[in-house]
Each structure stands twice: as structure tokens, then as C-alpha cells.
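Let's take a walk through a protein structure together. Keep the picture open beside you and follow along, one piece at a time.

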Amino acid sequence: MDQSPTAASTPETTGESQPPDAPAPAVLTKVSIVIPVYNEQSTLREIIGLVANAALPANCTREIICVNDCSRDGTEEVLNGLPKLHPQVDFRIIHKPVNQGKGAALRDGFKLATGDIVLVQDADLEYDPGDYCKLLRPIIEGKADVVFGSRFIGEPHRVLYYWHTLGNKFLTTMSNMFTNLNLTDMEVCYKVFRKSVIDRIDVKCDRFGFEPEVTAKVAKMRPRLRIYEVGVAYYGRSYEEGKKITWKDGIKAMLAIVRFWWTD
Ligand SMILES: Nc1nc2c(ncn2[C@@H]2O[C@H](COP(=O)(O)OP(=O)(O)OP(=O)(O)O)[C@@H](O)[C@H]2O)c(=O)[nH]1
Ligand SMILES: [Mg+2]
């Protein structure tokens, strides 16, 4: 594996020799922010505003890739209006003809990514793009190949469902037992990858099995990847506010943990 800092942080070789006192060339790192979107008309404008304006580490640029998973609530119109609202932002927007799920939407989004780093963002307002610097820094500094956020290590988080939290912790523990990682939040949305890592992952799960699948796959990759975790804020929503995930998704996650431990 390439052990240099990120591919992105390697200055381009131009072949020209620099005078000794010339300022070091600015190193540009492009971050591809991939957002799966399904019936998120009510939060989309606000979250995209936050994503478009979120602070990034120095010398980083961004592209925003939105994958509309055949929404039926006016999401399409909101998405098509975004480039006008944020003319400074490099958008890629695709509309899928059939609903396939978060994993499939991300698989499509990753294919369009042209950045050096790929970051997954949900389209609701549960996570805070204000955490991007923290999430990106370990990769930019060359210490990490993959960074997971964690809702359970210290940052502000809305106090909500006990059994849901316990379910999350159970799934993380089960995933850890199979992968031998010591993650604290396997199901977190914020997952950041060097592009060269995500390019090696063939995402098979179309729906929420994505989280255990990529976790198992990054754990299995050899030479071993450097995986970091950073605390992120979490503004969880209640079922009345539109929360969709249920215990059935938990069962599917358990099956995915075993499946991707056993096979690729
Ligand atoms: N539920 C759902 N989300 C999808 C689908 N395709 C893409 N997504 C997007 O995937 C992201 C995560 O979905 P959420 O429903 O918020 O899942 P979650 O955050 O794990 O669960 P909640 O607690 O319900 O918010 C959101 O940005 C969705 O818009 C799909 O088919 N179903
Ligand atoms: Mg959500």
C-alpha cells in the first residue's frame, strides 16, 4: 500500500526546479462529499447549505455528489435548483429511475467521485458538517486511510431512545467481534475514505447493510489500513420527526456482519 501521506498531499511533480526561497506550492486536496437522498425534501436545502459552506482544512476543495434514490416528494426539484443557489459549488446530481437503497446510492455516487478523499453525508440534519475538519484531518495529515465518526465518544448528542442506542452498541460490538476492530460506532453515517481505499471496495449491499459491509471490508484489507475514529455531534430525530430505521434493519445488519466476515 502507498504509505506516503495522502496521494492528495503529494505535491504535483511539474519537472520544473523551484528556486530555494520560493514559497512551497499550495497542496490541493479535493474532497468528494457523497449524499444519498431519499424523500428528504424538507431538510435538503438546509443540509446542502451547511455542506456547501462547512469549513474544510486548509487547501481543500470540495465537490458535492447527490444521488436521488427515486424520491417521490419533490426532492428532485430541490436538487435541480441547487447549482443556482450555490453557483460556487461543484455539484454532480444524479436521479435514479428506481429506488434501490442507501448502499446502492452510495455505490453510484462513489463512481462519480473525482476527489482524493470521499466522505459520506446523510441528507437529513442528524449530523453536523461542522465536524468535517475533524473528520478529514487524520487523512490529510497522513495518519489514517479511513476515518469513522462516533456518536458515543464525547460530542454533544441528543438524548433519545435507550433501546435504539443499545441496539447500535450491540451491532458495533458484534461487528467488532468479527472484524477485531475496537470501533465505538459502526453504524455512524460519517465515514471518510482515501479514494484509493473506496475504489477497492465493491459495495454489494443495496440498503443499510452498507455500514457493516464496508466496515468488514476495510478491516480485512491488507496491508492493514489505518482506521481512526473521531467524536461527532449527533442531532438524532424522533420517529415523529421522520426517523425510519427499525429493529428489522438491526436484524439485517446482523446478517450482513456475518456474511461479510465469511465472504467478500
Ligand atoms: N431510508 C432510506 N434512506 C435512503 C434510501 N436511499 C437513500 N437513502 C438516504 O440514506 C441516508 C440515511 O437514511 P436515513 O433514513 O436517515 O437512515 P438513518 O439515519 O440510518 O436512520 P434514521 O434514524 O431513520 O434517520 C439519508 O440521506 C437517506 O435519504 C432508501 O431507500 N431508504
Ligand atoms: Mg438519518
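**A guided tour, from the inside out**

Let's start with helix α3, where eight of the eleven residues are buried, so this helix is largely enclosed by the rest of the structure. Before going further, keep in mind that you're looking at a predicted model. The buried residues of α3 are K102, G103, A104, A105, L106, R107, G109 and F110. What covers them? The cover over the buried residues of α3 includes strands β1, β2 and β4 (117–120), plus helices α6 (195–198) and α7 (210–220).

Now zoom out for a moment. The protein chain has eight helices and seven strands. Out of its 264 residues, 38% are buried. Here's another way to look at the fold: take the contacts between residues with a separation of 6 or more, and 82% of them turn out to link residues 24 or more positions apart.

Next, find helix α1, which runs over residues 41–53. This helix has 13 residues and reaches 19 Å from its first C-alpha to its last, close to the 18 Å expected at 1.5 Å a residue. Which of its residues are buried? In α1, look for L44, I47, I48 and V51. A handy bit of background helps with that pattern: an α-helix has 3.6 residues a turn, so residues three or four places apart point the same way. The buried residues of α1 are covered by elements that include β1 (29–37), β2 (60–68) and α2 (75–85).

Just before α1 there's a residue worth a stop. N39 sits in the loop between β1 and α1. Its phi is positive, about 50°, although N39 is not a glycine. Is N39 buried, exposed or partly exposed? N39 has 18 C-beta neighbours inside 10 Å, so it counts as partly exposed.

You can find a second residue of this kind in the loop between α5 and β6 (191–194), namely N180. N180 has a positive phi too, near 60°, and is a residue other than glycine. Because N180 has 7 C-beta neighbours inside 10 Å, it counts as exposed. Its C-alpha is 9.5 Å from that of A216, a residue 36 positions away along the chain.

While we're in the loops, try the one between α7 and β7, where P223 is found. The peptide bond from R222 to P223 is cis, with omega near -5°.

Ready for a pair of helices? Helix α5 (residues 162–179) and helix α8 (residues 247–262) pack at an angle of about 10°, and their axes are 10 Å apart. Angles under 35 degrees count as roughly parallel, and α5 and α8 are therefore roughly parallel to each other. On the α5 side, the contact is made by G167, L171, M174, S175 and F178. Facing them from α8 are G250, A253, M254, I257 and W261. Sorted by class, the contact of α5 with α8 has seven nonpolar residues, three polar ones and no charged ones.

The loop leading from β7 (227–231) to α8 holds R237. With 15 C-beta neighbours inside 10 Å, R237 counts as partly exposed, which means it falls in the middle class. Leaving out residues up to four places away in sequence, R237 touches D124, E126, G242 and K243. R237 and L125 are 112 residues apart in sequence, but their C-alpha atoms are 8.4 Å apart in space.

For a contrast in surroundings, head to L136 in helix α4 (residues 132–140). L136 has 22 C-beta neighbours inside 10 Å, so it counts as buried. Not counting residues up to four places away in sequence, L136 touches V31, L56, P57, C60, I117 and V192. Take L56 from that list: L56 and L136 are 80 residues apart in sequence and 8.0 Å apart in space, C-alpha to C-alpha.

Last stop: ligand 1. Which residues come nearest to ligand 1? Of the 16 residues around it, the answer is Y38, D69, A123, K244 and I245. Two elements we've already visited show up here, since β1 and α3 each supply at least two residues of the shell around ligand 1. By class, that shell has six nonpolar, two polar and eight charged residues.

Definitions and conventions: Residues are numbered from 1 along each chain as its sequence is written. Chains are lettered from A and ligands numbered from 1 in the order in which they are written. This is a predicted model: local features need pLDDT of at least 70, side-chain atom pairs count only at pLDDT 80 or more; totals for chains, interfaces and linings use all residues. Axes are lines fitted to C-alpha atoms, for helices over the stretch in contact, and angles run from 0 to 180 degrees between N-to-C directions. Helices (H or I, at least four residues) and strands (E, at least two) are DSSP runs, numbered from the N terminus. Angles under 35 degrees count as roughly parallel, over 145 as roughly antiparallel, 65 to 115 as roughly perpendicular and the rest as oblique. Two residues are in contact if their C-beta atoms, placed from the backbone, lie within 7 Å. Ala, Val, Leu, Ile, Met, Phe, Trp, Tyr, Cys and Pro count as nonpolar, Asp, Glu, Lys and Arg as charged, and the others, Gly among them, as polar. The expected span of a helix is 1.5 Å times one less than its number of residues. A residue is buried if 20 or more other C-beta atoms lie within 10 Å of its own, exposed if 12 or fewer, and partly exposed in between; C-beta atoms are placed from the backbone. A residue is near a molecule or strand if its C-beta atom, placed from the backbone, lies within 6 Å of it.
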